[in-house]
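Got your viewer open? Let's take a walk through this one, a selection at a time.

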Amino acid sequence: MIAQKYKIFFDKVFNPIALYKIRDSVKKPVTPSDIIFVDVNPAYERVMKLERDKIIGKSFVDVWPMAEPCWADIVVKCFNKNMSVRCEGESHDTGSWLEAVAFPVSHDMAAAIFSDMTDWKKSEDELKLNQERLREFAAKLTLSEENTRRDIAQDLHDHLGYELVSQLMTLRTLSEKNLPEDISKIINDLIKNTEKLIAANRNLVFELSPLVLKEVGLNPALEALAKNMLEPRGIEYELIFNGSMEEIQIDDDICVLLYRMTRELLFNVIKHAHATKVNIIVNRGASKSMVAVEDNGKGFDVNKIKYGLGLFSIRERLLPIGGEMKIISAPNSGTMIVMTCPSTLTD
Ligand SMILES: Nc1ncnc2c1ncn2[C@@H]1O[C@H](COP(=O)(O)OP(=O)(O)OP(=O)(O)O)[C@@H](O)[C@H]1O
Ligand SMILES: [Mg+2]
């Protein structure tokens with residue numbers, strides 16, 4: 001059936017090839033039982049684990065009674081529509097992952113060329129699994145880092161914070177007494193210093209772990225974050241809150257995540273943007289919430305971005321919880337990075 005000059009190619013090629021024809025006197029449209037095997041090459045015998053002699057002259061249905069419908073479908077479609085058809089999938093009969101292209105050869109003949117993609121598919125599956133493991137690992141690492149930070153912050157808040165406030169109260173009590181002027185001045189200076197230390201400790205606690213998120217909620221925590229990070233650098237900022245804070249609750253874990261990621265984005269603004277104005281937009285929804293950080297800085301070409309740990313870790317932390325990060329930027333047009341995630345974690 002194969003012209004002699006093509007025979008050597010047919011026999012030697014690594015890809016399985018099958019030639020089909022329509023059973024005599026059958027008119028189109030055809031069904032799988034109307035399609036007869038005319039020839040198969042040695043690669044077909046090897047991959048499909050079938051001997052040529054047991055196939056030739058038999059119908060598609062006789063040879064592959066249990067095959068997934070897609071394999072017959074492409075040949076049927078190829079005959080009926082006179083066009084090339086592609087299919088990829090698992091073949092349980094052969095235990096392989098196959099790709100096939102069926103194409104018309106003449107009005108009553110067609111051929112299909114297969115590629116055995118089993119090894120490729122296995123590597124792809126392994127790669128996906130490893131990526132999944134890496135994500136899980138990164139999530140655990142984030143959690144453990146978060147716990148350590150929270151412990152340190154808790155200690156600073158409970159011990160140092162408490163001692164400083166006690167000291168301030170003692171100093172204030174002392175200042176109300178009738179003391180010599182020079183002592184009074186020293187006490188007033190000490191009061192001012194202690195107030196500064198309390199504020200610095202509070203900022204440190206905030207930076208380390210947003211403990212207060214639980215007490216004050218996400219919006220005031222973000223406000224304090226922006227104030228602490230942007231104000232000293234002379235960057236103007238505005239917080240835009242949409243959605244009712246009372247009605248729409250965001251899980252504590254999500255709040256911590258959004259807070260941390262916003263902090264990372266503000267670091268980027270400070271480091272890269274040369275911006276003079278930043279908007280932090282918070283949208284609370286019943287099922288999804290969003291925080292976006294927008295700056296009027298130098299922007300960048302999103303297609304040429306070189307991910308560092310910052311944006312990479314935001315993307316990787318959002319993915320496993322069904323969230324996503326979108327980057328909108330262009331050179332000289334500022335940057336807006338939008339983080340969306342579910343408002344509650346249901347596991
Ligand atoms: N607000 C921004 N304005 C301008 N460029 C930005 C902004 N945010 C990110 N970029 C660009 O995107 C790149 C990737 O940011 P990413 O946070 O992933 O890495 P990084 O800040 O360079 O390093 P790292 O976060 O690991 O310290 C940055 O190097 C910078 O070129
Ligand atoms: Mg960064």
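Before we start, a word we'll need for helices and strands: two residues are in contact if their C-beta atoms, placed from the backbone, lie within 7 Å. Also keep in mind that this is a predicted model.

**Stop one: an antiparallel sheet.** Select β2 (35-40) and β3 (85-91), the edge strands of an open sheet, each pairing on one side only. Five strands make up this sheet, in the order β2-β1-β5-β4-β3, and the pairing is antiparallel. On average, neighbouring strands here are turned by 30 degrees against each other, direction ignored. Now add β4 (residues 96-106): seven bridges join β3 to β4. Want one bridge to click on? Glu 88 has Glu 99 in β4 as its bridge partner.

**Stop two: a pair of helices.** Next, pick helix α5 (residues 118-175) together with helix α6 (residues 181-208). How do they pack? Their axes are 9 Å apart, at an angle of about 165 degrees. Angles over 145 degrees count as roughly antiparallel, so that is what α5 is to α6. The crossing of α5 and α6 is left-handed. Colour the contact of α5 with α6 by residue class and you'll get 17 nonpolar, eight polar and three charged residues.

**Stop three: a mixed sheet.** Select the strands β6-β7-β8-β10-β9, given here in their order in an open sheet with mixed pairing. β6 (236-242) and β9 (324-329) stand at the edges with a single partner strand each, so one side of each has no neighbour in the sheet. From one strand to the next, the twist averages 10 degrees. Zoom in on β6 and β7 (residues 277-284), which run parallel and are joined by seven bridges. There, Phe 241 stands opposite Val 282 in β7.

**Stop four: helices across the sheet.** Keep those strands on screen and add helix α8 (residues 218-230), which lies across β6 and β7 and runs at about 170 degrees to β6. Then show α9, lying across β7, β8 (288-295) and β10 (335-342). Against β8, α9 runs at about 15 degrees.

**Last stop: the ligand.** Which helix gives the most to the shell around ligand 1? α9 does, with five residues. Both α9 (252-273) and α10 (309-318) supply at least two residues of that shell. Select the 19 residues that surround ligand 1; the closest are Asn 268, Gly 308, Leu 309, Gly 310 and Leu 311. Sorted by class, the shell has eight nonpolar, seven polar and four charged residues.

Key:
Residues are numbered from 1 along each chain as its sequence is written. Chains are lettered from A and ligands numbered from 1 in the order in which they are written. This is a predicted model: local features need pLDDT of at least 70, side-chain atom pairs count only at pLDDT 80 or more; totals for chains, interfaces and linings use all residues. A residue is near a molecule or strand if its C-beta atom, placed from the backbone, lies within 6 Å of it. Helices (H or I, at least four residues) and strands (E, at least two) are DSSP runs, numbered from the N terminus. Ala, Val, Leu, Ile, Met, Phe, Trp, Tyr, Cys and Pro count as nonpolar, Asp, Glu, Lys and Arg as charged, and the others, Gly among them, as polar. Two strands pair if DSSP finds at least two bridges between them. Axes are lines fitted to C-alpha atoms, for helices over the stretch in contact, and angles run from 0 to 180 degrees between N-to-C directions. Angles under 35 degrees count as roughly parallel, over 145 as roughly antiparallel, 65 to 115 as roughly perpendicular and the rest as oblique. A crossing is left-handed if the near helix is turned anticlockwise from the far one by less than a right angle, and right-handed if clockwise.
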